[in-house]
Amino acid sequence: MGGHVLRAETHPFRLAANEGKATTLTVELTSRPKGIRAAGFGGHQAGVDNVVITAEANGAQLVLFAPKDKWRDLLPGQEVTVKGTLAPPRGGDLASALLRVRGPPIDPRPPPSWQSWADELRDGLALASKVLDDEEAGLLPALVVGDTEQMVPRIVDEFRTAGLAHLLAVSGANLAIVCGAVYLLLRRFGPRQAAIAAMVALVGFVVMAGPEPSVLRAAVMGAVALLALVLGRERSAVPSLATAVLVLVLIDPALGGDPGFALSVVATAALVLVAPRWARALKQRGVPNGLAEAIVVPTAASLATAPVVAGLSGQVSLVSVVANLVAGPVVAPATVLGVLTAVVAPFWPGAAELITHVAGPAVTWLIQVGRQAATVPGAAVGWPEGWIGALALTAVVAVVITLLRLKKTRTLVVAVLVGGFVVLVPLKIAAPAWPPDGWTVVSCDVGQGDALVLATDDADSAVVVDTGPDPGAVDRCLKTLGVKKIPLVVLTHLHADHVGGLEAVLTGRAVGAVATGPLKEPAWAWREVNEQARRNGVRVAEPKAGERFSLPGLELEVLGPRRPPTPGDANTTVNDYSLVLKAHTKAGRVLLTGDVELAGQSALLGQRDLAAEVLKVPHHGSRYSLPAFLKAVRPRVALVSVGTGNRYGHPSPQVIDMLRAGGALVLRTDQDGDLAVLPGNRIVRRRRDGRRLDQAVQRALPDPRWHARARVGAVADELLGFAVAARRAKTRFQLLHLRNARGRHTRPHTQGDGHARAAAHQGHDSGGGFRSRLGVRVRRRPADHAARLERLPLQRAQGGSPVAATDRGVARERAAGRTARHGGPATLPAHRLGQDGRDLPVRQRVQ
C-alpha cells in the first residue's frame with residue numbers, strides 16, 4: 001500500500017498537475033464513462049454534460065473529466081490520445097492527477113472483444129426496457145447492472161429516503177441471485193457441475209456489470225465459495241469474505257476508501273456473522289424457517305450498514321427495515337428476468353421485450369414500496385455527517401443490541417422503542433411541526449430555482465407557481481405540505497430552473513391545468529411541458545394580462561406581460577416575458593414576479609398598483625432590478641429563492657440593501673430553507689434537513705422618509721468624530737447664533753438682561769464688537785474662535801428652520817442665537833432630535 005501511495009505522490013504527473021500544465025497523452029481507459037448530471041438553469045436543459053473516466057498512462061492513475069460528446073460511448077480497455085490540462089486530484093485519492101479534457105478523443109483504438117460483447121448486452125437491456133413506463137424503464141437496468149443514467153431523479157430520491165438505495169448498485173446480492181439461480185437449476189447434474197456452471201455465470205455477470213468495487217468483492221467471495229463447493233467444503237463463508245477483502249485491497253488499495261466497497265463488506269459480514277444466529281433464535285421461538293430468514297436478513301443488513309449510510313448521507317432511514325422486508329420478495333425475480341432479457345436481447349429482441357413485460361409488475365412494486373415508504377412522516381431523520389455521525393450511530397446500535405441481549409433490560413428497551421413509535425408517529429401525523437397552521441404562502445427550498453405554493457381554503461389543495469430545477473426537491477416540499485390537489489400550476493416562463501420539476505408535480509396528484517406565458521422559448525422546454533401535460537391528461541392554458549382566477553380563499557390576478565411576444569430564446573428576452581401575478585391571500589397581497597428584469601419591470605410601472613405585502617424577488621435577487629420597481633412594491637416581506645453557493649452571484653448585495661432600506665424583511669432559501677408566510681407578516685423557517693424551525697415577526701412598515709436621506713446623528717458624528725451622535729447624546733444642545741460674515745447687526749442690550757456682556761446703551765457693531773453709549777467698546781471674540789464656531793452644512797430640522805452641527809451643538813440660522821425676548825436662550829434637546837429618527841437632507845455648504 002505504501003508503494004501505491006509513494007508512486008502516486010512522486011510521479012511526474014503530480015508535479016505537472018501542481019503547476020497546471022497542458023499536455024497531450026495516450027491513455028488506456030480502465031472504467032466505463034460515468035455521467036455527471038447537472039441541474040438545468042436558464043435555457044440550459046438539465047442532464048449529463050460531462051463524464052468522468054479513470055485511466056492509466058505511463059504507470060500512473062489518472063482521472064479524466066471530459067465532455068460527454070464522443071466520450072460517453074468509449075469502453076474500458078480502449079487506448080485514446082487526449083489533450084487537456086492537468087490539475088491536482090482530490091484528497092485521499094491514489095490518482096496522480098486530474099486531466100481536464102478539451103475536445104473529443106483522438107484516434108481511439110478498438111476495445112477488447114469481450115468489452116464490446118458486454119456493452120451489447122447492456123444496450124439490449126436498456127432498449128428492451130423502453131417498452132415499460134419511464135420510471136420502470138429506468139429502474140430495471142439499474143437493478144440488474146447498476147446503470148442509473150436513465151433513471152427518473154424522483155425515484156432515486158425516494159429510494160434513498162426509504163433505505164432502498166442499495167438496490168440501485170450492483171452488489172453481492174445480484175451475484176448471489178444469479179449464481180444461486182444457475183446453481184439450483186443445474187443441481188440435479190451434481191453439486192460440482194452446478195458450481196462450475198455458476199462460476200461461469202459469475203464471470204459473465206461481472207463482465208456485463210463492470211468492475212465496480214462491490215461487484216469485485218462479491219465476485220472474489222463468490223468464487224471462493226464456489227471453489228469450496230467444488231472441493232466439498234461448503235461452510236466457508238467467513239474465510240471467503242476475509243479472502244475477498246484481503247486480495248482486493250492488496251491489489252487496489254484505493255478500494256479501502258470506497259464507500260460502496262465498505263457498505264458491501266459490512267452488509268455481507270452482518271449476513272454471515274449475525275443473521276444465522278438471529279434466525280436460529282427466531283426458529284426456537286416457533287417462527288417458520290422462511291419467515292425467520294425474511295425478517296432477519298434485511299434487519300441485520302440495515303442495522304450493520306446504518307452507521308456507514310448515516311456518515312455518508314447525514315440521515316437515518318427509520319423505515320428501511322420494513323421497506324426492505326416488503327420489497328425483498330420481488331428483487332430476485334426482477335433481477336433474474338432482467339439478466340435473461342439482457343442475454344436474449346441481441347439475438348431475439350421480441351422475446352426480450354416479452355420478458356421485460358413479465359418483469360414489469362415486480363419493478364412497479366419496488367417503485368410503489370419506495371414511494372409509499374418515503375411519504376411516511378419522519379421516514380428519515382437528520383444525523384451528523386462524517387466519522388462523528390458514523391461512530392455515534394455505531395455506539396447507539398451497539399448499546400441497543402447489548403441491552404436487548406440482557407433479560408433484565410430487554411423488556412424495558414422493547415417497551416421504550418414501541419412506546420416511542422406509538423407516541424411519536426401519531427404526533428408527526430396529527431400535529432406535525434411543519435407546515436405551520438394557517439400558512440398561506442410557502443417558498444420551497446429547491447436550490448437555484450423558483451417554486452412557490454399558495455394555499456387555498458381546502459386542506460389539501462394549493463396553487464403551485466414554478467416547479468424548480470429538480471423534481472425531487474419540489475416533490476418533497478409538496479409532500480411535507482400535504483398537497484394532493486393542485487387546481488393550477490403556473491410556469492412563469494420556460495427556463496429549466498422553473499420547469500424542471502413539473503413531472504414530479506404532475507405525478508400522483510390531481511392537477512387542473514398548467515398555465516404558461518406567451519413566449520414558447522426555449523423550444524425544448526415547450527415540447528417537454530406539452531408532453532408531460534399530455535401524458536398526465538392535463539391541459540395547457542395561456543392566461544392574458546387582466547385575467548383573474550378565483551379559488552376558495554385565494555384570488556390570482558395576471559398583471560403581465562402586457563406586450564406582444566417577440567420571438568427569441570435569449571435569456572433576457574425569456575425572463576422579461578415572465579408571467580407576473582398578484583395573489584390576494586389571507587396574509588395580504590403577494591407579488592409573484594418570475595424572472596422579470598429591467599425591461600419587464602419598467603413595463604409594469606404605471607400599469608397597475610404594484611404595492612404588495614409579500615414580494616417574490618425577481619430573478620433570484622439579480623442585480624437587474626429597478627429601484628423604482630422595488631419602491632413601487634414596498635413589500636414588508638421579500639422572499640429570495642436562491643441556491644447555496646451558486647455561480648451567478650445571486651442575490652445581489654445592492655438589491656438586498658435596497659429592500660432592507662425600504663423596510664422589508666429579506667429571507668433567503670439558501671440560508672433559511674423553506675419559508676412559510678402566515679397572516680400578520682409572520683414567517684416560519686424550516687431547513688431542508690428539518691433540524692431548524694423558528695419563527696420571525698416582521699416589523700411594521702416605517703415612515704417612507706426614514707430611509708431617504710442622511711441622518712443628523714450620522715452627519716454630526718462624521719463632522720466631529722467623537723462628540724455629538726444625536727440619538728445617543730445625553731447633553732442638551734444650545735442654539736447658537738450663526739453670524740453673517742459680510743455684515744454685523746446692532747443688538748440691543750440693557751443692564752441686567754442676563755447677558756454676560758450687556759451694554760449700557762445701543763451701539764453699532766464695529767469690528768466684531770459692540771459700542772456702548774458712553775463710547776466704551778465692548779469687543780466680542782470674532783467668529784467665536786474660542787468655541788471654534790464654524791459655518792457647516794445646513795440641515796432641515798423638524799420644525800422647518802435651517803440648523804447647523806457644530807462642536808458645541810446645533811445652531812439655528814439668524815435669530816436662533818439671539819437672546820430670547822420672552823425667556824432664556826432657545827435650546828433643543830438631543831433626544832428630541834432623534835425621536836423621529838427620520839433622515840434629513842443636507843443643504844449646500846455656505847461659503
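How many helices and strands are there in the protein chain? The count comes to 27 helices and 34 strands. Keep in mind that this is a predicted model, so confidence comes up first below. After that we'll walk through a seven-stranded sheet, a disulfide and a buried histidine, His-620.

**Overall picture and confidence**

- The protein chain has 847 residues, and 45% of them count as buried.
- If you take the contacts with a separation of 6 or more, 64% of them are between residues 24 or more positions apart.
- Mean pLDDT for the protein chain is 76, with 77% of the residues at 70 or more.
- Confidence varies from element to element: strand 11 (residues 462-465) has the highest mean pLDDT, 95, while strand 31 (residues 794-796) has the lowest, 35.
- Watch out for residues 700-847, where the pLDDT is below 50. Even so, that stretch has 211 contacts in the model beyond near neighbours in sequence.

**The seven-stranded sheet**

- Seven strands make up an open sheet with mixed pairing, and their order is 17-18-19-20-21-22-23.
- Strand 17 (548-551) and strand 23 (665-668) sit at the edges, each pairing on one side only.
- From one strand to the next, the twist averages 15°.
- Strand 20 (residues 588-592) and strand 21 (residues 614-616) run parallel and are joined by three bridges. As part of that pairing, Val-590 has Val-614 as its bridge partner in strand 21.
- Strand 22 (637-640) also runs parallel to strand 23, this time with four bridges. Here Ala-638 is matched with Val-666 in strand 23.
- To get from strand 22 to strand 23, the chain goes through helix 24, making a right-handed β-α-β crossover.
- Helix 24 (residues 653-661) lies across strands 21, 22 and 23, at about 140° to strand 23.
- Which way do the side chains of strand 23 point? Leu-665 and Leu-667 go one way, Val-666 and Arg-668 go the other, and all are buried. That fits a general pattern: in a regular strand, side chains alternate between the two faces of the sheet.

**The disulfide**

- There is one disulfide in the structure, and it ties Cys-444 to Cys-477 with an S to S distance of 2.0 Å.
- The link of Cys-444 and Cys-477 is left-handed, at -65° about the S-S bond.
- The two cysteines come from distant parts of the chain, 33 residues apart. Cys-444 is in the loop between strand 9 (441-443) and strand 10 (452-455), and Cys-477 belongs to helix 17 (residues 471-481).
- Are these cysteines buried or exposed? Cys-444 is buried, with a relative accessible area of 0%, and Cys-477 is buried too, with 3%.
- Another cysteine, Cys-179, also counts as buried, at 10% relative accessibility.

**A buried histidine in a loop**

- Where is His-620? You'll find His-620 in the loop between strand 21 and helix 23 (627-633).
- Being in a loop doesn't leave His-620 open to the outside: its relative accessibility is 0%, so it counts as buried.
- Setting aside neighbours within four places in sequence, His-620 is in contact with a list of residues including Phe-41, Gln-448, Gly-449, Asp-450, Asp-497 and His-498. Also among its contacts are Asp-595, Val-640, Ser-641, Val-642, His-650 and Pro-651.
- His-620 and Gly-449 are 171 residues apart along the chain, yet their C-alpha atoms are separated by 7.5 Å.

Terms used
Residues are numbered from 1 along each chain as its sequence is written. This is a predicted model: local features need pLDDT of at least 70, side-chain atom pairs count only at pLDDT 80 or more; totals for chains, interfaces and linings use all residues. Side-chain values use heavy atoms; hydrogens and water are left out. A disulfide is a pair of cysteine sulfur atoms within 2.5 Å. Buried means under 20% relative accessible area, exposed over 50%, partly exposed in between (1.4 Å probe, protein chains only). Two strands pair if DSSP finds at least two bridges between them. Axes are lines fitted to C-alpha atoms, for helices over the stretch in contact, and angles run from 0 to 180 degrees between N-to-C directions. Contact means heavy atoms within 4.5 Å. A crossover is right-handed if, with the strands pointing away from the viewer, the path from the first strand over the helix to the second runs clockwise. pLDDT is the predictor's confidence in each residue, from 0 to 100.
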